[in-house]
Structure formats: structure tokens, C-alpha cells
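Here is a friendly walk through a model you may want to keep open beside you. Take a moment to turn it around before reading on.

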Number of protein chains: 2
Amino acid sequence: MNNTNGETKLIVAPSDTDGDMLYATKFWAGDPFIFLQQNGKRTIVLTDLEMGRGKRTAKVDEFVSFNQLESEVQGNSKQAPPFEKVVAHFLRKRGVKRATVPANFALGYARELAKDNVDLEMAEGLFWPSRGAKTDEELKLIGRALRMTETGLKRAMEVLKASKPKGKKLMWSGKPLTSELLRAEIDTAILRAGGFAANTIVAGGDQACDPHERGHGLLYANSLIILDIFPRDAKTGYWGDMTRTVVRGKASEAQRKLWQTVKDGQELALREIKDGVDGMAIHKAIQALFKKRGYPTEVRNGVNVGFFHGTGHGLGLDIHEYPRLQKVVLKERQVVTVEPGLYYPGLGGVRIEDVVVVTKPGCKILSKFPKQLEL
Amino acid sequence: MNNTNGETKLIVAPSDTDGDMLYATKFWAGDPFIFLQQNGKRTIVLTDLEMGRGKRTAKVDEFVSFNQLESEVQGNSKQAPPFEKVVAHFLRKRGVKRATVPANFALGYARELAKDNVDLEMAEGLFWPSRGAKTDEELKLIGRALRMTETGLKRAMEVLKASKPKGKKLMWSGKPLTSELLRAEIDTAILRAGGFAANTIVAGGDQACDPHERGHGLLYANSLIILDIFPRDAKTGYWGDMTRTVVRGKASEAQRKLWQTVKDGQELALREIKDGVDGMAIHKAIQALFKKRGYPTEVRNGVNVGFFHGTGHGLGLDIHEYPRLQKVVLKERQVVTVEPGLYYPGLGGVRIEDVVVVTKPGCKILSKFPKQLEL
């Protein structure tokens, strides 16, 4: 955990949705539980319901019964106490007067602890600094999640290739191909590979000009289709995240030029990324390249067009984690996505995304999937 | 929203994982954004990346550009400001000196707002009191999620019935049937029905004695198998949650008695639930019935056995929401699960779960799926 033994650390959160908690415990739970690191000893407090599973799977030093603590607080009262009173009781028993908590620590718990004058410090930067630099083991697990992502992409390409243009529509398995149908094919393939994918983007035409639009309705021949796939490994909790943009049928000159420009922008980033480089400089260089090629980033009729999102984000136990590529000087062993895009209603959207680990001399691309415009 | 117009309400959270935020906006987002309700007007602050999608889908009165606010804070600095400084800037611009926030409001934001002497009050009980009483529309949406759940259960039964005992193993599609394989079949069926299911429980034998164990490895003939399925409707965000316990092959006398006892316990609850009844009394009545039938709840060799979890929990935009059945006096229009269980290593586990809405005279069961022990 890379921390001095002296620092007391406290998290109260569900690990299913809190990367710091899953990182600390390797234990999955959908409801909040308590993690305390004190004098180098790592303790979690679990209900009876979670205790057996916790003891088998959590990577901590000590297990404490929530039910026991709860009944101590409850005493002779008929009513079970609120959760935060049990948290406070546990910290009193452990003599905690000062602890470092994550920035997302719930105000409800903080107010209860304030009554006991527990001094909560907020971590400067990352709660677990080691999360910023991926270990070899973590790189392997991110690789596992990327293999699941590629399984999804592969399935998407299979279905698109097997679909037949009929007028403007694409027909597949006797039905018009829709975003929903293709998403289900992708997500099913990922599921069978051991991941889960909740919001896979399959967005064609102008829908893709909203980078977070999942896509709905008919997919069309000769039209740009963005496939942005970001599954989570159901076993380890690490995320994959990759995007390809394709045309089923024939790409127009304008579509081809847009696609090639985004690809060139991504290649610029992949050349520049290395330990010590300013991410914002890379982001601006991509925007400048795009502008030079005739693709400015601006507002047209109240709508953002061009390249109006970040170049990339950290990836690990959270899908969006530290660092945002364009907000830092990059450091060795950071894992980030590299995903420039261009979006112009009427023409459509293109985004191409891979995942890299920053190294001293450059970066290593962890994702593996061909880039091909026309299918 | 059932609130007085005078109260200022503030949420800063991602709606994908925060039920209060999704309830307030009907807008899905994986990253935190700002929601402010002031003088009855509901405003959200979105980045350029989310703005187009937000304007199309969010049910609010006003949209404010995060990027604009951010550049006002940034001024001539080269570095974009931290998120919480933008939150504080927005509240200053709106003249907010006092706001009600949810108990899970992040301490990091609260500390920043404290510098401006913004007085944050925490909601007593539910942040949106109306979430406690489901509208007819919400009951319909919960019904939709339950139909997805039933689709998963139906697929599970099909696969189990089609599997053939070979010695102790179950063979299906030429392979030994495992928890992983059956889970993938269930989750795939749900996915195609428009839901996503992340942690479906398919747990046989002693694995099922840990109620939150997902299950892994071989499934066996003549052995109790718990199927606990809780998908989320990908469109509306409402959850379904149902459990059935089955034996593929022949149930022993002991298995049958355990199963029948749990079923009787559930029926007891379904008879007793109505507006004004104390949930804890129902919970205790089930435990008493179980004990009378020879199934005490206790600790044996350091392991919890019997009925050691709650009888039920609220269900809606969160999978576990207010109220815990056993912690309240039930009220009309609350939607809760009813899911007693019994767990004895060596014999196995049984849990049977349905979803009900509390009414004045009793309750209405919203989930529909036969209960059958042997397949």
C-alpha cells in the first residue's frame, strides 16, 4: 500500500463502486462497510451476512463483526442505531482521534465523527498514492480487461461484416440492425468472457456527435459508426476501454478524411507520450493539427463541434481515474486512454481509442485491435 | 419532487451510481455533475461533453456550462482548477448560502464550500421524501424491471431442466454445468431484454450458505441451488430483485423440509405486511417460526447459521434503498423485497424472494414466477 505505518486511514464505502475500497481490500460488496488502517494493520468491519465471504476473499489483517458493534451501541433500545453511530463507536473503541479519508468520504459520517472530535484529514491528491503507478501485476490485469474489450470489438466487426445493406438499412439475421441489437451482441460476448459492460456505445451518424450517447435505433450503411466498449473484469474489477470507428459499406471522401485525421491525431499523441511530458501540450497539439486540417473546435448554432473532450483519462479500478491526461505532467507507469475524436453533425463522429502505459522513453500500447475504416 | 419551493437542494454526484441524482434529473452520467434546486427551479451543470445529451434527456429547467464556469475560475492560470472550486464558484454566482445535501455528499466538496460559509444541512431521513412512496408510474417501471428478472429466472429453469445428471454432475450442451455458465445464460437473457445484471447469484450446496457468494464451479444434481437475480433496467434505472431455490433431480426429505419452511416464512410475511405494521415484528415472527420448526439462528463453530440476514429491503432506483423492512413501521406505497432464507452448511441454503408494494389493507405482490423445488 506504500504508506507509512503511522498514518491512520479510514474508508467507509461500498467496494463495488469505490475503487479505493476495492484496492484496499480486494473484497466486493454492494453496501458500505468500514476499512481502517491503523499502525499498519488493516481491518474491515462486516455484517454477519458478509463475514464468511469476507474471510475467504478479503486481503486484510483483521475482521470485526458489525453486528456485535451494533448491539453494543443499541444496548437495551428496541431500535437498531443508525450506521454512522456504529462507525463512531468502532473508532472510539480503537482510540482513533485522527484519520485520513478520501475526498468522497460521506459528510453524514464526518458530522457524526466530528461529535467525537475525530480529526479527519483529506488526502492531498490520491488516497492511495500507489494507484497512480501501476505494478506489473496491475498491468497484467488491465491487459485481461482489454482482452475482454477486444472480444467485444471482434464480435461487433463480425456482426457488421455479416450484415447486408438493403437500401440505407443494414439487415442482420433477417432483421434491420439497430444499435440495441449490436450492443447486445457485444455485451453478450464480453459477459461470456468474464466481464460486464453496462453502457457500451454503438452510435451511428449524428448520434455519435454526442460522445456519451449510447446510440439507439437503426444503423445505416455507408455511415460512420462509433463503437466505444468499456467492460469491467467481473473478477478483478479492472476496466478496459477501447474505441473504433467504422463504416459498413463505402466511406465517402469526407468520412475518410475525418477518420484519417483522428487517426493521425492519435498517432501524434502516441509518439509524444512519455515520462515527464505535459499532457496539456499533447492535447493542444492534437487540436492544432485538427484545426490545420480544417477541423476547428468551436460552437456552431449552440452545439459543440470538433474535438471538445479530453484526450484521455487514467484507467484502473475506476473507469475514469487519476490522471486526466491533459491535466498532468505524465509519469512512468501511469495507464491512460488516448482517444481523440472529431464530431460534426451532418458528417458524423470519429473517435479512436487505445490504452497505454507511460514509460521512461515513451509509451507501450496495451490494447490490440486493427484500425480499419471500411468493413 | 414534493418539496417546498423555498428549500435549496444540492447534489454533486454521478447519476449512474447515485439514485437521488438519477431521481432528480432522469439523466445518466458516470462522472459527477452538479444539481441545484433553488426557488423551485432545477438546474444542472454539465461539461461540453455531456451538454447535448443532457439537453435531450434530462428532466430539469436549466442547463449551465461547466466549461464556462471553469474558465471563469481559471482566469489567466495555465492550470484548470479542481472540480470543487468550480462547484463553489457556481454556488457563489447563484447566491447560495444554505443548502440541503444528501448524507453521502462528499466531504471534499463540503470543505471547499465551508470556506465560503455555505451552510450545508443534511436531510433528515430521505433526501427526496417522495422516493419512499412509489407513484403508479414508478410501480410500472419496477414491474418492467421485474419482467426482466423473470426472463432471467425462466432461462435458468430452461437450462437446468435441459441439463442431465451424470453421476453427481449436471451435463449441459455437452459440458459440465457450472455457476459461471448458468450465470452467463441468465445475464445474457436479461441483457437482451434490456437490463444489465452484474452479480447474479447462482450458488449451489454449501456455497449458498454465504448469502452474497455469487457461486463458482460445478453445479450438482440433487443439491439445493439458489438463483438470486437482480438486474437494473438500462433505460429507467429501476431494479428488479427475485430469488428462487431449486433442486435439479430429487430433493431429500431434509432439503424439502428446509425449502417448505422458508416458503412458509415468506407466506407469513406476505400475510402480515400492511400499512402501519412494525417490520421488526414480522422479521421476529419469521425467526420464531423457523426456530419452532427446528431451524434456529445461531453461531456454530464460528459460522452463522439459520436466518441471519434481513427479511427485506426497499427497492427502486437503488438496489438497497429505504426502508429496510425490519427497521420501520411499514407505509403504503413502499416497495420492499420479502426474502427470508435458511442456511446450514452440509445441507445447503434456501432463499425465496419476491417484491411487494405495501397497501392499506395488505400488500400486492409485484413479482410473478412459480415456486417449485424440484426440476
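What follows goes from the overall picture to the contact between the chains, then to the core and some local details.

**The model as a whole**

Keep in mind that this is a predicted model. The ipTM is 0.93 and the pTM 0.94. Chain A has an average pLDDT of 96, and 99% of its residues reach at least 70. As general background, predicted coordinates should not be read in detail where pLDDT is low.

Chain A contains nine helices and 23 strands. Its C-alpha atoms occupy a box of roughly 75 × 50 × 40 Å along the principal axes. Of its 375 residues, 48% count as buried. Among the contacts in chain A with a separation of 6 or more, 60% come from residues 24 or more positions apart.

**Two copies and how they meet**

How are the two chains related in space? Chain B superposes on chain A after a rotation of 180° with 0.0 Å of shift along the axis, and the RMSD is 0.0 Å. The two copies are therefore related as by a two-fold rotation axis. Both copies use the same surface, as 100% of the contact residues of chain B recur in chain A.

At this surface, 39 residues of chain B are in contact with 39 residues of chain A. On the chain B side, the elements that give two or more residues are helix 2 (48-57), helix 5 (107-115), strand 6 (119-122), helix 7 (179-192) and strand 16 (303-305). Helix 2 of chain B gives the most, with six residues. By character, the chain B side divides into 19 nonpolar, 10 polar and 10 charged residues.

Helix 5 of chain A deserves a look of its own. Which of its residues are buried? They are Leu107(A), Gly108(A), Tyr109(A), Ala110(A), Glu112(A) and Leu113(A). Within chain A, these buried residues pack against strand 1 (9-13), helix 4 (83-93) and strand 6 (119-122). They also pack against strand 5 (98-101), helix 5 and strand 6 of chain B.

**The nonpolar core**

In soluble globular proteins, nonpolar side chains tend to be buried together. Here, the largest nonpolar core has 209 residues, and those that touch the most other members are Ile34(A), Val87(A), Leu227(A), Val356(A), Ile34(B) and Val87(B). Helix 6 (residues 136-162) of chain B gives the most to this core, with nine residues.

For a closer view, pick Val356(A). Leaving aside residues up to four places away in sequence, Val356(A) touches Leu270(A), Ile273(A), Val336(A), Val338(A), Cys363(A), Lys364(A), Ile365(A) and Leu366(A).

**A three-stranded sheet in chain A**

Strands of a sheet pair through backbone hydrogen bonds, either parallel or antiparallel. In chain A, three strands make an open sheet in the order 7-8-9, with antiparallel pairing. Strand 7 (164-166) and strand 9 (175-176) are the edge strands, each pairing on one side only. Strand 7 of chain A is joined to strand 8 (residues 169-172) by three bridges. One residue pair to find on screen is Lys166(A) with its bridge partner Lys169(A) in strand 8.

The loop between strand 8 and strand 9 of chain A holds Ser173(A), a residue other than glycine with a positive phi. Is Ser173(A) buried or exposed? Ser173(A) has 10 other C-beta atoms within 10 Å, so this residue is exposed.

**Backbone details worth a check**

The table collects the positive phi values, including that of Ser173(A).

| Residue | Phi | Place |
|---|---|---|
| Ser173(A) | near 55° | loop between strand 8 and strand 9 of chain A |
| Asn117(A) | about 55° | just after helix 5 of chain A |
| Asn117(B) | near 60° | loop between helix 5 and strand 6 of chain B |

Asn117(B) counts as exposed, because 8 C-beta neighbours lie inside 10 Å.

Where should you look for cis peptide bonds? In chain A, one joins Tyr322(A) and Pro323(A), with omega about -5°. Pro323(A) belongs to strand 18 (residues 321-324) of chain A. In chain B, the peptide bond from Tyr322(B) to Pro323(B) is cis, with omega near -5°, and Pro323(B) sits in strand 18 (residues 321-324) of chain B.

Methods. Residues are numbered from 1 along each chain as its sequence is written. Chains are lettered from A and ligands numbered from 1 in the order in which they are written. This is a predicted model: local features need pLDDT of at least 70, side-chain atom pairs count only at pLDDT 80 or more; totals for chains, interfaces and linings use all residues. Two residues are in contact if their C-beta atoms, placed from the backbone, lie within 7 Å. Helices (H or I, at least four residues) and strands (E, at least two) are DSSP runs, numbered from the N terminus. Ala, Val, Leu, Ile, Met, Phe, Trp, Tyr, Cys and Pro count as nonpolar, Asp, Glu, Lys and Arg as charged, and the others, Gly among them, as polar. A nonpolar core is a set of buried Ala, Val, Leu, Ile, Met, Phe, Trp, Tyr and Cys residues joined through C-beta atoms within 7 Å. A residue is buried if 20 or more other C-beta atoms lie within 10 Å of its own, exposed if 12 or fewer, and partly exposed in between; C-beta atoms are placed from the backbone. Two strands pair if DSSP finds at least two bridges between them. pLDDT is the predictor's confidence in each residue, from 0 to 100. Copies are superposed by least squares on the C-alpha atoms of residues with pLDDT of at least 70 in both.
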